[in-house]
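Here are some exercises to work through with the model open beside you. Try each task before you read its solution.

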Amino acid sequence: MERTLDRIPPKSADLSEWYQAVCYRAELVSQAPVRGCLVLRPYGYGLWERLQAELDRRFKETGHENAYFPLLIPESLLTKEAEHVEGFAPEVAWVTEGGSEKLAERLAIRPTSEVIIGVMYAEWIQSYRDLPVLINQWANVMRWEKRTRPFLRTAEFLWQEGHTAHESEQEAAEEVARMLEVYREVAEDVCGVPVYKGEKSASERFAGANHTFSIEALMPDGRALQSATSHELGQNFARAYDITYAAEDQTEQYCWTTSWGMSWRMLGALIMTHGDDRGLRIPPRMAPTEVVIVPIPRGDASALYTKARELYGACKDAGLRVKLDDRPGQSPGYKFNEWDMRGVPVRLEIGNRDLDAGVATLVRRDKAVKEDGQKQQVPLDEVVAFIPTVLEQIQHNLFAQAKTFLTGRTVATLDRDEFYRMCTERAGMIDIPWCGLASCEAAVKDTTGATTRNIQPGPPRAQICVACGEPARYQTYFAQSY
Ligand SMILES: [Zn+2]
């Protein structure tokens with residue numbers, strides 16, 4: 001008996017319900033029998049692998065190497081950097097027993113790895129000749145969470161964390177800016193998610209950092225989503241963990257360290273940004289499957305299947321990530337819906353009549369049903385060469401749609417009441433001259449739920465903070481956030 005594909009609720013009605021439904025129905029994730037944890041299914045893992053590949057290539061191009069450090073951190077080490085431990089303490093999970101033995105010292109499951117890596121850097125770095133150290137780790141981390149929202153909020157999550165050590169503050173600052181730009185590029189040019197780069201306010205800063213920078217995306221419900229961060233740690237961790245080097249002049253100096261990370265949260269941003277009522281829409285550069293070929297058999301279809309397999313082989317040879325859906329017992333309509341749900345950018349349909357006419361029907365997932373250009377007939381002997389062009393068009397179209405949304409929902413105001421209303425109503429990225437005072441930020445948050453997202457470079461565009469009337473120091477985005 002033919003299965004029918006469960007419908008998902010419309011995206012515009014309730015983003016949160018749509019999001020949960022699409023994550024499960026598109027088989028990205030499954031609920032785990034452990035609270036706060038998630039099973040990443042093969043299709044979800046395929047997305048993660050695409051993100052990994054794009055990031056990893058850029059990390060290596062910018063001189064970094066991968067390494068791996070332990071999952072467990074002894075409590076006595078974790079507590080050395082006071083601000084850091086204070087920031088993370090409420091969400092650390094602890095191992096207290098091994099086998100049947102109670103441990104003499106509790107072990108933290110890493111919430112992040114500055115500590116364990118700092119300890120190793122102290123051992124590895126002796127002289128200025130050992131610097132810079134440029135290492136990235138691909139890992140899971142754990143931050144105790146009561147709520148579970150796929151990719152956005154889970155106790156255990158996958159990420160990468162870069163950790164570098166430098167001779168000077170300037171070099172560390174350059175590293176932090178370089179990696180923030182890598183994140184912007186991957187978010188925008190690969191995931192098709194437009195972002196704002198900027199510095200976090202003091203209260204939103206990473207625990208133990210001097211400066212934290214972020215990229216911030218805007219989701220369709222008007223909430224911002226912090227998609228990656230890059231931190232100047234100053235000499236704070238170097239002092240706490242004794243990361244020193246002998247300088248050229250023989251003096252003993254503390255290193256300047258940085259850390260930066262992007263997690264599978266980025267996939268959450270991608271899903272919410274591009275998805276529609278039919279399911280996911282994956283930008284081609286992120287798509288585990290770029291093209292799916294669906295034969296539409298009628299009567300004797302052996303010639304049709306031969307041609308479909310031939311087409312599949314030609315796509316593979318051309319370096320495309322392609323699937324042939326020749327499963328018997330499922331109607332083409334069912335298959336179309338299923339691949340639409342999974343967001344595969346291009347579908348090639350080929351029926352007996354197409355075969356006679358020497359064409360295939362190419363269907364673009366970025367276009368709405370019956371929208372101009374959604375379907376086109378392409379000669380069979382040209383289709384493989386034509387697909388990369390279409391994939392590029394889809395990549396750009398998805399980004400352009402998201403960019404139009406972000407631009408349209410970036411709103412400026414100089415009026416206090418309007419500002420508070422915009423914050424409450426989730427108007428979008430609310431762009432105001434801001435004083436930089438923690439008390440002002442807290443007042444906005446208490447009243448509206450909105451926080452500073454990040455601070456733009458350059459001076460404010462007016463002299464007075466729109467939120468409180470004190471002198472303005474920065475131009476800053478406010479929004480409610482995930
Ligand atoms: Zn203010």
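**Exercise 1. Is Y68 buried or exposed, and which surface patch does Y68 help to make?**

Keep in mind that this is a predicted model.

Step 1. Take the relative accessibility of Y68, which is 54%. The cut-off for exposed is over 50%, so Y68 counts as exposed.

Step 2. Now find Y68 in the chain: this tyrosine is in the loop between strand 3 (65–66) and strand 4 (72–74).

Step 3. Look at its partners. Together with L71 and L72, Y68 makes a nonpolar surface patch of about 270 Å².

**Exercise 2. Classify the aromatic pair of F59 and W138, and say which parts of the chain the pair ties together.**

Step 1. Begin with the total: there are 15 aromatic pairs in the model.

Step 2. For F59 and W138, the ring centres are 6.2 Å apart and the planes make an angle of 35 degrees. Planes under 30 degrees apart would count as stacked and planes over 60 as edge-to-face, so this pair is tilted.

Step 3. Place both residues. F59 belongs to helix 2 (residues 42–61) and W138 to strand 7 (residues 133–142), so the pair ties together parts that lie 79 residues apart in sequence.

Step 4. Check the surroundings: both F59 and W138 are buried.

**Exercise 3. Do the same for Y183 and W260, then find the cluster that they belong to.**

Step 1. The centres of the Y183 and W260 rings are 6.5 Å apart, with 65 degrees between the planes, and the pair is edge-to-face.

Step 2. Y183 is in helix 6 (residues 169–190) and W260 in strand 14 (residues 256–263), so that distant parts of the chain, 77 residues apart, are linked.

Step 3. Y183 and W260 are both buried.

Step 4. Put the two exercises together: ring pairs join W48, F59, W138, Y183 and W260 in a cluster.

**Exercise 4. Which rings have the charged ends of K11 and R223 sitting over them?**

Step 1. Start at K11. Its charged end sits over the ring of W18, 5.2 Å from the ring centre.

Step 2. Move to R223. Here the ring belongs to Y482, and the charged end is 5.3 Å from its centre.

**Exercise 5. For the threonines T112 and T273, find the place in the chain, the burial and a polar partner of the side chain.**

Step 1. T112 is in the loop between strand 6 (101–109) and helix 5 (114–124), while T273 is part of helix 8 (residues 265–274).

Step 2. Buried means under 20% relative accessible area. T112 has 2%, so T112 is buried. T273 has 16%, so T273 is buried too.

Step 3. Look for the partners. The T112 side chain makes a polar contact with the side chain of E114 at 2.6 Å. For T273, a polar atom of the side chain lies 2.6 Å from the backbone oxygen of A269.

**Exercise 6. Compare the surroundings of the salt bridges R106–E75, R321–E290 and R421–E425.**

Step 1. The model holds 31 salt bridges in total.

Step 2. In the bridge between R106 and E75, the closest N and O atoms are 2.9 Å apart. R106 lies in strand 6 and E75 in helix 3 (residues 75–78), so the pair ties together parts that are 31 residues apart in sequence. R106, at 34% relative accessibility, counts as partly exposed, and E75, at 23%, is also partly exposed.

Step 3. R321 and E290 meet at 3.7 Å, N to O. The pair links distant parts of the chain, 31 residues apart: R321 is in the loop between helix 9 (302–317) and strand 16 (322–324), and E290 is in the loop between helix 8 and strand 15 (291–296). R321 is partly exposed at 26%, whereas E290 counts as buried at 10%.

Step 4. For R421 and E425, the closest N and O atoms are 2.9 Å apart. R421 is partly exposed at 40%, and E425 is exposed at 52%.

**Exercise 7. Which residues are linked with R50 in a network of salt bridges?**

Follow the charged side chains outward from R50: the network also takes in E54, R57, R58, E61 and E185.

Conventions
Residues are numbered from 1 along each chain as its sequence is written. This is a predicted model: local features need pLDDT of at least 70, side-chain atom pairs count only at pLDDT 80 or more; totals for chains, interfaces and linings use all residues. Side-chain values use heavy atoms; hydrogens and water are left out. Patches are made of residues with over 30% relative accessible area and no salt bridge: like charges are joined within 9 Å, nonpolar side chains (Val, Leu, Ile, Met, Phe, Trp, Tyr) within 5 Å. Accessible areas come from the Shrake-Rupley method with a 1.4 Å probe; for residues, only the protein chains shown count as cover. A salt bridge is a side-chain nitrogen of Lys or Arg within 4 Å of a carboxyl oxygen of Asp or Glu. Helices (H or I, at least four residues) and strands (E, at least two) are DSSP runs, numbered from the N terminus. Buried means under 20% relative accessible area, exposed over 50%, partly exposed in between (1.4 Å probe, protein chains only). Rings of Phe, Tyr and Trp (its six-membered ring) pair if their centres lie within 6.5 Å; planes under 30 degrees apart count as stacked, over 60 as edge-to-face and the rest as tilted. A charge sits over a ring if NZ of Lys or CZ of Arg is within 6 Å of the ring centre and within 35 degrees of the ring normal. A polar contact is a pair of N or O atoms within 3.5 Å; within protein, one must be able to donate a hydrogen and the other to accept it, and residues adjacent in sequence count only if both atoms are side-chain atoms.
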